[in-house]
Amino acid sequence: MSESITVRFTLPVSAREVYDAWLDGQQHSAMTGAKATASRSVDGEFTAWDGYIHGKNLLLIENQKIVQSWRSSEFPDEASDSVLSIRLTERHGLTEVELEHTDIPPGQSVQYQSGWIEFYANPMQKYFTAPKGKKATGAKKTRPVTKTQQG
């Protein structure tokens, strides 16, 4: 039986800035601190964390929602892709980001729950709070430590 998680955090920028950064390889790389490729079209493919993650865009609603198929190198071969839904809700100059990650292979949701916080929420806070014209890069330079790597 697959697993699901939800992570929410708030960023001090517009939904447009978050949407644009997520779907731009250079900005996505800068905000996470690891190489990423991206596409702004439905069915367009992406990679993140130096190829550790890959998938494609399933639905794009400008500045509001991104839905992607999502798979890490930790997925068993027989597992289908999971689905990542990113909802952006802007209020008073702040954007709430809700990451809903569904169809995760059994036993892997805990590692992805902490990974979304450590490798996305925290570096994105740093990236989007850097002084204008001096965007910080994500805090990590290596791919997420996975269950397999931990032993």
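**Close-up views of a predicted six-stranded sheet and its helices**

**View 1. The pairing of β1 with β6 at one end of the sheet.** Glu-3 stands opposite Ile-104 in β6, and β1 is joined to strand β6 (residues 94-104) by eight bridges, the two strands running antiparallel. Strands are said to pair if DSSP finds at least two bridges between them; the strands themselves (E, at least two residues) and the helices (H or I, at least four residues) are DSSP runs numbered from the N terminus. The model is predicted, so local features need pLDDT of at least 70 and side-chain atom pairs count only at pLDDT 80 or more, while totals for chains, interfaces and linings use all residues. Residues are numbered from 1 along each chain as its sequence is written, and side-chain values use heavy atoms, with hydrogens and water left out.

**View 2. The open sheet and the helix that packs on it.** The six strands of the sheet are ordered β1-β6-β5-β4-β3-β2, and their pairing is antiparallel. Its edge strands, β1 (3-11) and β2 (45-48), each pair on one side only, and from one strand to the next the twist averages 25 degrees. Helix α3 (residues 109-129) packs on this sheet, where it touches β1, β2, β4 (65-72), β5 (82-91) and β6, and its direction makes about 15 degrees with that of β1. Axes here are lines fitted to C-alpha atoms, for helices over the stretch in contact, and angles run from 0 to 180 degrees between N-to-C directions; contact itself means heavy atoms within 4.5 Å. In helix α3 lies Val-110, which counts as exposed at 65% relative accessibility; although Val-110 and Ser-4 are 106 residues apart in sequence, their C-alpha atoms are 9.6 Å apart in space.

**View 3. The largest nonpolar core, with 37 residues.** A nonpolar core is a set of buried Ala, Val, Leu, Ile, Met, Phe, Trp, Tyr and Cys residues joined through side-chain atoms within 4.5 Å, where buried means under 20% relative accessible area, exposed over 50% and partly exposed in between, with a 1.4 Å probe and protein chains only. Within this core, Trp-22, Leu-99, Trp-116, Met-124 and Phe-128 touch the most other members. At least two core residues are supplied by each of β1, α1 (15-22), β2, β3 (53-61), β4, β5, β6 and α3, and the largest share, eight residues, comes from α3.

**View 4. The buried side of helix α1.** The buried residues Ala-15, Val-18, Tyr-19, Ala-21 and Trp-22 belong to α1. They cover an arc of only 170 degrees around the axis, which puts them on the same side of α1; the arc is that of the directions from the helix axis to the C-beta atoms. An α-helix has 3.6 residues a turn, so residues three or four places apart point the same way.

**View 5. Strand β4 and its two partners.** Seven of the eight residues of β4 are buried, so this strand is largely enclosed by the rest of the structure. Six bridges join β4 to β3 in antiparallel fashion, with Leu-60 having Ile-66 as its bridge partner. The pairing of β4 with β5 is likewise antiparallel and extends over six bridges, and here the bridge partner of Ser-69 is Val-83 in β5.

**View 6. Arg-71 and its surroundings in strand β4.** Arg-71 is buried, with a relative accessible area of 12%, and its side chain makes a polar contact of 3.0 Å with the side chain of Asp-81. A polar contact is a pair of N or O atoms within 3.5 Å; within protein, one must be able to donate a hydrogen and the other to accept it, and residues adjacent in sequence count only if both atoms are side-chain atoms. Leaving aside neighbours within four places in sequence, Arg-71 is in contact with Tyr-52, Ile-53, His-54, Pro-76, Asp-77, Ala-79, Ser-80 and Asp-81.

**View 7. Positive phi values at Asn-63 and Asp-103.** Most residues other than glycine have a negative phi, and most peptide bonds are trans. Asn-63 lies in the turn of the hairpin formed by β3 and β4, which has three residues between the strands, and its phi is positive at about 65 degrees; Asn-63 is also buried, with a relative accessible area of 17%. Asp-103, in strand β6, has a positive phi of about 60 degrees although it is not a glycine, and at 33% relative accessibility Asp-103 counts as partly exposed.
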